[in-house]
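Please open the model in your viewer and keep the sequence panel beside it, so that each selection can be followed in both places. The tour goes from single residues to the whole chain.

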Amino acid sequence: SMPEGGLGGPRVDDQLEEKEMIDRAVEVALESPDKEFLRILYEWFVRHNLPAHLYQVRSPLLLEYLKTAGHHDILREYYMTNEMWQEAVKLLDSMVYSKSTQAGARHYALKDRIRFLTLGLVCANKVIEQQRYGEISEGPLGSIQVDSDYIFKLRVHIELAELQLEIYEALVNKLDDLAEKKARRSGAESKRMATRASSSDASSGRKEVEMRDYLSRLDKGLYDINELYDTALKLRLWECCLSILKFSNSKTPHVVKRIWKNIICEQINKALKGDGSWREQVLEALPRRFVKSPEVFPLAYICGLLEEYNNKYIRDNSDPELTLKLFRELRVPLRDQIQAYTQLMGETHRGREVVNTVERIARGAIDRKGNELEENAAGLLTLLSTAEVKTSTDAMMKSLVELKQQIQRLLG
């Protein structure tokens with residue numbers, strides 16, 4: 001009878017054993033002294049997406065091959081797998097700051113560079129740890145000095161790159177909006193509308209080319225903070241402008257106010273061209289993530305603009321609760337509401353609409369009662385007293401006095 005396994009030799013049923021045999025065969029092959037054979041073998045592993053087999057190879061020939069062939073991603077993994085942190089830092093630094101415009105340079109997308117910065121920070125911390133325990137000597141790695149300053153630089157550059165990504169993604173959204181508008185216009189059937197569309201299409205076409213040019217540039221290298229702000233400003237990406245100002249800790253309240261005016265006016269202009277209510281559109285579009293950052297969220301100024309425009313642009317009826325809706329949607333604490341309207345009351349040109357809102361703030365606080373009213377009672381009473389001076393009607397005066405009395409009774 002034929003022995004088990006037949007003419008082909010012993011049959012390997014156990015998949016784990018088969019894998020071990022293959023791994024051992026690979027190890028033996030990788031120990032070959034034939035350099036040309038090894039280069040071909042390295043290339044085979046790379047081409048078949050099996051680089052993990054190379055990570056355990058200790059050979060200057062492999063490192064030389066990966067460098068000259070431009071397999072930087074595999075080389076990076078090799079360094080990190082083998083805890084060669086210094087080499088990893090140098091490589092990642094060169095990958096982060098490579099210029100895609102240079103001849104022969106590989107193009108790394110913006111998201112790749114952010115990933116390289118993050119990995120670079122991990123590796124740099126490992127280098128400092130090795131230095132601390134005397135495993136390696138301190139000193140520069142070529143042009144790089146890995147120390148606390150280098151760590152700080154990487155952290156700053158990560159944040160800047162994330163701001164750049166915010167601009168990039170906002171620009172992608174703008175291009176999507178442009179494509180949607182173009183599709184709507186192409187559906188116009190009348191000759192008159194078609195004529196207008198062709199003129200409009202030429203304008204939007206130029207806009208699209210310009211935006212795609214910016215998109216390409218943003219993806220080719222890292223910008224400094226001034227370049228980021230200039231780009232966001234030119235592209236009218238107001239929310240990105242606020243993000244950059246917040247990061248830079250810029251003390252420029254007049255610039256912040258101008259940006260907020262642009263945000264609100266842009267939404268009003270969009271709504272007035274359509275059929276919707278601009279008030280709803282503005283409230284929906286306000287960037288909520290800045291609410292807890294007063295340096296870029298000037299609440300009093302925003303409320304003042306809404307009060308002014310609420311009565312200025314009355315295509316539909318004005319909404320006496322517009323700023324109260326803002327407070328509810330953004331969950332603005334009573335303390336901040338009082339501070340904002342105390343500031344508005346100090347502006348001489350403010351009139352009846354601001355007094356009306358103060359009355360509504362006080363009435364809402366009384367209805368809710370609780371600790372918030374107790375904690376802010378003094379400020380609210382002062383605000384009501386200021387509103388009394390501003391009011392021009394007996395009915396409102398009477399209402400404000402009654403509200404003050406109610407608060408005092410609730411406080412006992």
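**First stop: a lysine in a helix**

Begin by selecting K181, which you will find in helix α7, a helix that covers residues 148-186. Keep in mind throughout that what you see is a predicted model. K181 counts as partly exposed because its relative accessibility is 39%, a value that falls between the 20% limit for buried and the 50% limit for exposed.

With K181 still selected, add K207, K270 and K273 to the selection, and you will have in view the residues that form a positive surface patch.

**Second stop: a serine in a loop**

Now move to S59, which sits in the loop between α2 (35-47) and α3 (60-68). Is S59 buried or exposed? S59 counts as buried, because its relative accessibility is 17% and buried means under 20%. To see what S59 touches, select Y42 and Y78 as well, since S59 is in contact with both of these residues when its neighbours within four places in sequence are left aside.

**Last stop: the whole protein**

Finally, clear the selection and show the whole protein in a cartoon view, where the secondary structure comes to 18 helices and zero strands. Of the 412 residues in the protein, 40% are buried. If you consider contacts between residues at least 6 apart in sequence, 61% of them join residues at least 24 apart. Turning on the surface brings up an accessible area of about 24,200 Å², and carbon and sulfur atoms account for 50% of it.

Methods: Residues are numbered from 1 along each chain as its sequence is written. This is a predicted model: local features need pLDDT of at least 70, side-chain atom pairs count only at pLDDT 80 or more; totals for chains, interfaces and linings use all residues. Side-chain values use heavy atoms; hydrogens and water are left out. Patches are made of residues with over 30% relative accessible area and no salt bridge: like charges are joined within 9 Å, nonpolar side chains (Val, Leu, Ile, Met, Phe, Trp, Tyr) within 5 Å. Accessible areas come from the Shrake-Rupley method with a 1.4 Å probe; for residues, only the protein chains shown count as cover. A salt bridge is a side-chain nitrogen of Lys or Arg within 4 Å of a carboxyl oxygen of Asp or Glu. Lys and Arg count as positive and Asp and Glu as negative; His and the chain ends are not counted. The place of a charge is taken as NZ of Lys, CZ of Arg, CG of Asp or CD of Glu. Helices (H or I, at least four residues) and strands (E, at least two) are DSSP runs, numbered from the N terminus. Buried means under 20% relative accessible area, exposed over 50%, partly exposed in between (1.4 Å probe, protein chains only). Contact means heavy atoms within 4.5 Å.
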